[in-house]
Amino acid sequence: LLIKGGVNKAVFQDQKLTFKINDALLDEFVPAEDNYSREYTVTPQMMGEADEFSLRIESDKVFFPDKVFPNSKDNRELGTQIFFIYFREKLK
């Protein structure tokens, strides 16, 4: 599993991100820079017995650009931006 994303370090220096698979903690970290890239090996046990599994991406802090940046008219609630997610079976 490869996840590439970004956070706005100008707004939050200590924003913590949490990645979970089926509600089990996969990773928890504060990105060192605006953009981050994380790679994981996901085992069959982590995915569970069901036909589907869930990947949950959480942020401990969110912001509204129009409340932070005076000239912004963007009233969306923002946390982290995901640029790329890639998931594949590891070849033996």
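**Long-range contacts, salt bridges and surface features of the predicted model**

Among contacts in the protein chain between residues at least 6 apart in sequence, 61% join residues at least 24 apart. The coordinates are those of a predicted model, and every value reported here was computed from them. The protein chain holds 2 helices and 6 strands, and their order along the sequence is β-β-β-β-α-β-α-β. The C-alpha trace extends over about 50 × 25 × 20 Å along its principal axes. The radius of gyration of the protein chain is 15 Å, whereas a compact globule of 92 residues would have a value near 12 Å. Of the 92 residues, 24% are buried, and the accessible surface of the protein chain amounts to about 6,900 Å², with 48% of that area belonging to carbon and sulfur atoms.

A residue that illustrates contacts between parts separated in sequence is Y36, which is located in strand β4. With a relative accessible area of 7%, Y36 is buried, since the cut-off for that class is under 20%. When neighbours within four places in sequence are set aside, the residues in contact with Y36 are I3, K4, G5, G6, V7, L17, F19, F29, P31, T80, Q81 and I82. For one of these partners, I3, the separation from Y36 is 33 residues in sequence and 8.2 Å in space, taken from C-alpha to C-alpha. Another of them, T80, is joined to Y36 through a polar contact of 2.8 Å between the two side chains.

I82, which is also among the residues in contact with Y36, belongs to strand β6, comprising residues 81–86. In contrast to the buried Y36, I82 is partly exposed, its relative accessible area being 32%. I82 contributes, together with F53, L55, I85 and F87, to a nonpolar surface patch of about 380 Å². I82 thus appears both in the list of contacts made by Y36 and in the membership of this nonpolar patch.

Charged side chains were examined next, and a search of the whole structure returned 7 salt bridges. In one of them, the side chains of K16 and E28 come together with an N to O distance of 3.8 Å. Because K16 is placed in the loop between β1 (2–6) and β2 (17–21), while E28 is placed in strand β3 (residues 24–29), this pair ties together parts that are 12 residues apart in sequence. Both partners are partly exposed, K16 at 31% relative accessibility and E28 with a relative accessible area of 44%.

A further salt bridge is formed by the side chains of D27 and R38, for which the N to O distance is 2.8 Å. D27 lies in strand β3 and R38 in strand β4 (residues 35–39), so this pair links parts of the protein chain that are 11 residues apart in sequence. The two partners fall into separate accessibility classes, in that D27 counts as buried at 14% relative accessibility, whereas R38 is partly exposed with a relative accessible area of 27%. Strand β4 accordingly carries both R38, a partner in this salt bridge, and the buried residue Y36.

The side chains of D74 and R76 likewise meet in a salt bridge, with an N to O distance of 2.7 Å, and D74 is partly exposed, having a relative accessible area of 22%. In addition, D14, D60 and K61 are joined into one network by salt bridges that share partners.

Backbone geometry was considered for the loop between β2 and β3, in which N22 is found and to which D23 also belongs. The phi angle of N22 is near 50°, which is a positive value in a residue other than glycine. D23 likewise has a positive phi, near 70°, and is again a residue other than glycine. With regard to accessibility, N22 counts as partly exposed at 31% relative accessibility, while D23 is exposed with a relative accessible area of 59%, a value that falls in this class because the cut-off for exposed residues is over 50%.

Note on methods
Residues are numbered from 1 along each chain as its sequence is written. This is a predicted model: local features need pLDDT of at least 70, side-chain atom pairs count only at pLDDT 80 or more; totals for chains, interfaces and linings use all residues. Side-chain values use heavy atoms; hydrogens and water are left out. A salt bridge is a side-chain nitrogen of Lys or Arg within 4 Å of a carboxyl oxygen of Asp or Glu. Helices (H or I, at least four residues) and strands (E, at least two) are DSSP runs, numbered from the N terminus. Buried means under 20% relative accessible area, exposed over 50%, partly exposed in between (1.4 Å probe, protein chains only). Contact means heavy atoms within 4.5 Å. A polar contact is a pair of N or O atoms within 3.5 Å; within protein, one must be able to donate a hydrogen and the other to accept it, and residues adjacent in sequence count only if both atoms are side-chain atoms. Patches are made of residues with over 30% relative accessible area and no salt bridge: like charges are joined within 9 Å, nonpolar side chains (Val, Leu, Ile, Met, Phe, Trp, Tyr) within 5 Å. Accessible areas come from the Shrake-Rupley method with a 1.4 Å probe; for residues, only the protein chains shown count as cover. The radius of gyration is taken over C-alpha atoms; the globule rule is 2.2 Å times the number of residues to the power 0.38.
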